[in-house]
Amino acid sequence: MHDFYLLFFFIFAFGFSEVIFRLGTTGKIFSVHFLLSFIFILTFAAIAFLLSSLFNKTTNYLIACFFLVIIGCIYSSQLIYFDFFKTYYSIFSASNAGQVLEFWNDIWAAVGKNSFWLILFFLPALFLLIIGKRIFPFKRARGVSTIFLISCIVSSYMIGITTIFMESHEQNSAYDLYFHTNDPILSVEKLGILTTMRLDLQRQITGWSPKLHAASPVYPKLPSGKKEKTDSIQDEGNLTRNDNIDSSDKEVKPTITFQTLPIDFDKLIKEEKNPEIKEMHQYFSSVPPTEKNQFTGKYAGYNVIVLTAEGFSHLAVQKNVTPTLYKLVHEGVYFPNFYNPLWGVSTSDGEYVANVGLIPKSGVWSFYQSGKNKLPFALGNQLKKLGYKTVAYHNHTFDYYRRDVSHPNMGYTYKGVGNGLKVKQTWPESDLEMMDVTISEYIDTEPFHAYYMTVSGHMQYSFSGNYIAYKNRELVKDLPYSEQAKAYLATQIELDKALERILQELEQKGIADKTLIVLSADHYPYGLDKKTIDELAGHKVEENFDLYKSAFILYTKGMEPLTIDEPVSSLDIIPTVSNLLGLPYDSRLLMGRDVFSNAEPLVIFQNKSFITSKGRYNAVTREFYPVKGEKINSDYIKQIQAIVNSKFYFSTKILDTDYYSKLPIH
């Protein structure tokens, strides 16, 4: 038995680290799923012990210490990453860790904040280093012992897999997360951090992508008062439907034209040899297109300025604090139910959704991966074909998240700090200064389209470690908020000033009424403590849906204010703006909808929760909260789940296969 003391210590050390990790990230420990993660921990512990028993005593000792140090590093780095980005890093992200280290000041702040947990992670390694040789034999395993260890490894793994199979196979179950879905937040909760990272490594090596196991989605009929998109024929590249002629007065009802491109899917399906691509043709041919409407082409020929604003939120929109943001939000198209879900890779995924109209693939940098693909619906590519001057800017390191690859591929001449954009080197850099040095590069060349990724709103939100917060400190000192809340608002004041500068320049050139301004956030301000978010909101914010509520700006001078009450998300930006500009696009090939069409609203979250006109479905608790007066059944939930699963699946397939390049889109 003495020979196996080290095995028991490994089991204790790995289990102890998992408990501390759960306490440090979610505050929760014991559950049925913790027991499942512990079963897999037995496998990892047995492997570590086996590898620490193959050589002489000194080598075995060093290997054992190495394992415990690595475990400490894994758990502590994931905890810091979660504290920083509110998600867990993937193997792909870890391979690009050098970029994250640019935020070393903020990382050190997170280390200091979590120092108690970090020390605990390394206690097992410290214990082994100091007195391990006195307690454990570190003998070489022989014969029966080796066979026993291998049996333990296989047995614990098989028990874990059997437990997974015995569980429900529903969406977001342990079974679903192990075999079909890559959602790091839920996977860590139900399988543990070590199993999640092991699965991620396997998937990176094998080129794994999610599989679609649900039945093909049947799109729901529109509620009364909305036209159904049925009985359509193809006519000159646009799907149309002629309503019946009233025999009594022979009055012809208007022809309804759909937002499609001349794609003969029947021909593509017939000729396609690749089953994966054929499946995609079949799916997209079945998606109902959206109708052209009274807003189609309303702003055709307008200049377009699009901004993805770092850490922006409706919480920052206050009339006396950020008057320009308030003006643009309330005097343009007002979206009181706009949601900006957080995806797997923070800022980069938020940009990807807003610019490409697809759901990111979990585990990779989708925007960077898309740099080799055809992206015909990105605004830069669409408007460049029409003769627009198309430019993009980012006031931080130009190749962070490899924007030097993704942004030129979207049709932009791109500048960031380090490849042509010169701003004062601060942390974070100034959005206002970015406008000062860039507006002159395009404003005299109409029509133009400028895209900005801002950075002034970046965390940490404090007056000591954030230059922008410190710069605007006097403007928030008398506000009735905590220091963190004031610091956050101070960073958003810089964005407000930048927008004010844009409006001033447009007015001076006499083109304010011919320029469409579009702004959304990359993600909610997760650098704020939850209590600070509640403080700014004036109430406790619900965390599965309302935490991701935000503001969306769609504005041009002189427009008639309009309110869109339906649920809207960042996936809807590209189809909506494309429709307003009168750009030719195919609504079946994007995952959002034109919000001015009669398409049913659907807001999708990373954990596959959703919001429709009928209510909210929490995919974690599997509860549906209907809108007052609505009655739904389980068939409706399954129907929308199938649509949501398909959007995740085919978004990934578009990225993986470069699908748009296989279509006759010019």
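Two strands are taken to pair if DSSP finds at least two bridges between them, and helices (H or I, at least four residues) and strands (E, at least two) are DSSP runs numbered from the N terminus. The model is predicted, so that local features need pLDDT of at least 70 and side-chain atom pairs count only at pLDDT 80 or more, whereas totals for chains, interfaces and linings use all residues. Residues are numbered from 1 along each chain as its sequence is written, and side-chain values use heavy atoms, with hydrogens and water left out.

An open sheet is formed by three strands in the order β11-β6-β14, with mixed pairing. Because β11 (549–550) and β14 (568–569) each have a single partner strand, they stand at the edges, and one side of each lacks a neighbour in the sheet. Strand β6 (residues 338–339) is joined to β11 by two bridges in the antiparallel sense. Within this arrangement, Phe338 stands opposite Ser550 of β11.

On the surface, Ile119, Leu123, Leu126, Leu129 and Ile130 make a nonpolar patch of about 470 Å². Patches comprise residues with over 30% relative accessible area and no salt bridge, like charges being joined within 9 Å and nonpolar side chains (Val, Leu, Ile, Met, Phe, Trp, Tyr) within 5 Å. A salt bridge is a side-chain nitrogen of Lys or Arg within 4 Å of a carboxyl oxygen of Asp or Glu. Helix α8 (residues 123–135) gives the most to this patch, with four residues. Ile130 lies in helix α8 and counts as exposed because its relative accessibility is 55% (buried: under 20%; exposed: over 50%; partly exposed: in between; 1.4 Å probe, protein chains only).

Empty space was examined on a 1 Å grid over the protein atoms alone: a cavity is a set of points where a 1.4 Å probe fits but cannot get out, a pocket is an open set with protein on both sides within 12 Å along at least five of seven lines, and lining residues have an atom within 4 Å of a point. Three cavities of 30 Å³ or more are present, and the largest holds about 190 Å³ of space. The largest cavity is lined by 20 residues, of which Tyr88, Tyr89, Ser90, Pro184 and Gly363 are the closest to its centre. Helix α12 supplies the largest share of this lining, six residues.

The largest pocket holds about 1600 Å³ of space. Among its 50 lining residues, Thr25, Thr26, Phe82, Ile185 and Glu543 are the closest to its centre. The largest share of the pocket lining, five residues, comes from α1.

Key:
Accessible areas come from the Shrake-Rupley method with a 1.4 Å probe; for residues, only the protein chains shown count as cover. Grid points are joined across faces, edges and corners, and a volume is the space filled by probe spheres set on the points.
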